[in-house]
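Please examine the sequence and the three-dimensional structure shown here. The paragraphs that follow lead from helix packing to individual residues.

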Amino acid sequence: MYDQLKLRLKTELDAMKSSGRYKKESLLQSPQRAIITTTEGEVLNLCANNYLGLADDPRILAAAKKALDTYGFGLASVRFICGTQTLHKQLEQTISDFLGTEDTILYPAAFDANGGLFEPLLDHRDAIISDSLNHASLIDGIRLCKAQRLRYANNDMADLEKQLDAASTARTKVIVTDGVFSMDGTVAQLDAICALAEKHQALVFVDDCHATGVVGTHGRGTHEVFDVMGKVDVTTGTLGKALGGGSGGFTSGKKEIIEMLRQKSRPYLFSNTLAPPLVAGALEAIKILSEDNSLLKKIQSNTTYFRAQMLQAGFELKGERHPIVPIMINDDKTASAMAEYMYHNGIYVVSFSYPVVPQGAARIRVQIAAHHTTAQLDKAIAVFISAGKKFGLL
C-alpha cells in the first residue's frame, strides 16, 4: 500500500520544488542573534522572531541555568497531576500583571494555546466570527469546536458587522482576530473591533503572538496600542518570540474563562508542563522589558528606518509600523530565487508563497530586531537593491 502513497507524495514534493514553494531548512551552528553561523558561513539574520534580541541575552541565560539547577530539567508530568511548580504560578501572575488581565494559563506552545481555546468554551449554540487572515493555529482551534463559523474580510469592519448581524441568534458571539497579521505586518483595528463587540454583545479573542513585547508604549501589545486594555476578553501569546525566544504559550483573560480552560483544555491537560528553564527565562524577559524600554524604542526606530529606505529604493511593502516588513515579489519562483541570492550574499531571509500566502502574492518577509545596527540594515538594503535589479523588481 505504501508504494501508492509514496508515488503520490513524491509527485507532490517534486511539484513543490519546481514551483519554488518547497521549504528548505538552514542549519544553524550558533545561538540566535543578529549575525548567525550556518553550515555555509556567517549571515545577517533578518527572518527570526527574536524581536528584542533576547534569545542569547546573558541575563536570560543565567536565569534559565539557575532554574535548571533549582527546579530540574522537566516535570515529567502534566499540570494537574504533579507538574505545577511555584515558578509556573509566578509566571502566570507576572503575565497577568503585565497585560492587565485577571488570570493566565501556560501551554507548552502558543499553537496549543489557540488549539485548546475554543472547544472547552463554545458549542453549536454559539458563533465564532473570524478574520480571514487569522493564523493557522486559530483556524485549527476553531475547527475543533462545534460553534457556527463565520469569516469576515481582513480588517474590514463593515464586513465584520455584517457577520455579527448574521450571528445575532447565537447564544455567545466571539470575534477572533490576530493582533498583528504575521504575513502582512498589519495591525488589527482593535478599537473598532471592541466597539462593534460592545454594540453586538460579543466577546473579543486576540492572538497577540507578534505583538506582545513588540508594540505599544510598554510592549504590552495591540490592546495597549488602541487603548482597549480591559475590553479584550482573551489574549493568547507566546514566550517563543519577543519574550526570550524559547518556547511556550499562554492564554490570558477573564478569570472564569481561564479556570474553565484549566479544567477542560486538552493541550493543557494532556501535555507535559513547560520546562522550568523556559519559565525562568520568560520571567526574566518580562522583567527586562518592564524595567527598561530601550529595546522597544530601538526596534521601533530600526523598523522606521528600514521601511523608509526600502520604500525610497522602490520596493512594494506591506504593513506600516510593525517590524514584520513583507517585500512583495508576487511570483513564487522569483521570490525563492531572490531569497537564495541574498542568502549567498550574506543576508538570511525567507520567501513565502502559496499556500502560506495567497496565490500570486509571494513575498520575502523581513523581521527587524532591536539588536540590528544601522550598518547591518544598510548592508541588507544594499543587497536587496542588488537583488531587486537582478530579478527585475527595480
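Helix α13 (residues 294-313) packs against helix α15 (residues 374-390) at an angle of about 25°, and their axes are 11 Å apart. This makes α13 roughly parallel to α15, a description used for angles under 35 degrees, while those over 145 count as roughly antiparallel, 65 to 115 as roughly perpendicular and the rest as oblique. Axes here are lines fitted to C-alpha atoms, for helices over the stretch in contact, and angles run from 0 to 180 degrees between N-to-C directions. The model is predicted: local features need pLDDT of at least 70 and side-chain atom pairs count only at pLDDT 80 or more, whereas totals for chains, interfaces and linings use all residues. Residues are numbered from 1 along each chain as its sequence is written, and side-chain values use heavy atoms, with hydrogens and water left out. Helices (H or I, at least four residues) and strands (E, at least two) are DSSP runs, numbered from the N terminus.

The crossing of α13 and α15 is right-handed; a crossing has this hand if the near helix is turned clockwise from the far one by less than a right angle, and is left-handed if anticlockwise. On the α13 side, N302, Y305, F306, Q309, M310 and A313 are in contact with T374, L377, D378, I381, F384 and I385 of α15, where contact means heavy atoms within 4.5 Å.

A second pair consists of helix α4 (residues 86-99) and helix α12 (residues 276-291), which pack at an angle of about 30° with their axes 10 Å apart. That angle makes α4 roughly parallel to α12, and the crossing of these two helices is left-handed. Residues of α4 including L87, L91 and F98 take part in the meeting with α12, whose participants include V279, L283 and I286.

Within α12, V279 deserves individual attention. V279 has a relative accessible area of 0% and is therefore buried; buried means under 20% relative accessible area, exposed over 50%, and partly exposed in between (1.4 Å probe, protein chains only). Leaving aside neighbours within four places in sequence, V279 is in contact with L87, H88, L91 and L274.

Helix α14 spans residues 332-343, and its 12 residues should cover 16 Å at 1.5 Å a residue, which agrees with the 17 Å between its end C-alpha atoms. The expected span is 1.5 Å times one less than the number of residues. Among the buried residues of α14 are D332, M338 and Y343. D331 caps the N-terminal end of α14, with a side-chain oxygen 3.3 Å from the backbone nitrogen of K333.

N330 lies in the loop between β12 (324-328) and α14. Although N330 is not a glycine, its phi is positive, at about 70°, and with a relative accessible area of 34% it is partly exposed. D227, in the loop between α9 (222-225) and β10 (234-238), also has a positive phi, near 55°; at 67% relative accessibility, D227 counts as exposed.

The loop between β14 (350-352) and β15 (363-367) holds P355, and the peptide bond from Y354 to P355 is cis, with omega near 10°. Strand β15 contains R363, which counts as buried at 2% relative accessibility. The side chains of R363 and D184 are joined by a polar contact of 2.5 Å. Such a contact is a pair of N or O atoms within 3.5 Å; within protein, one must be able to donate a hydrogen and the other to accept it, and residues adjacent in sequence count only if both atoms are side-chain atoms. A polar atom of the R363 side chain also lies 2.8 Å from the backbone oxygen of M183.
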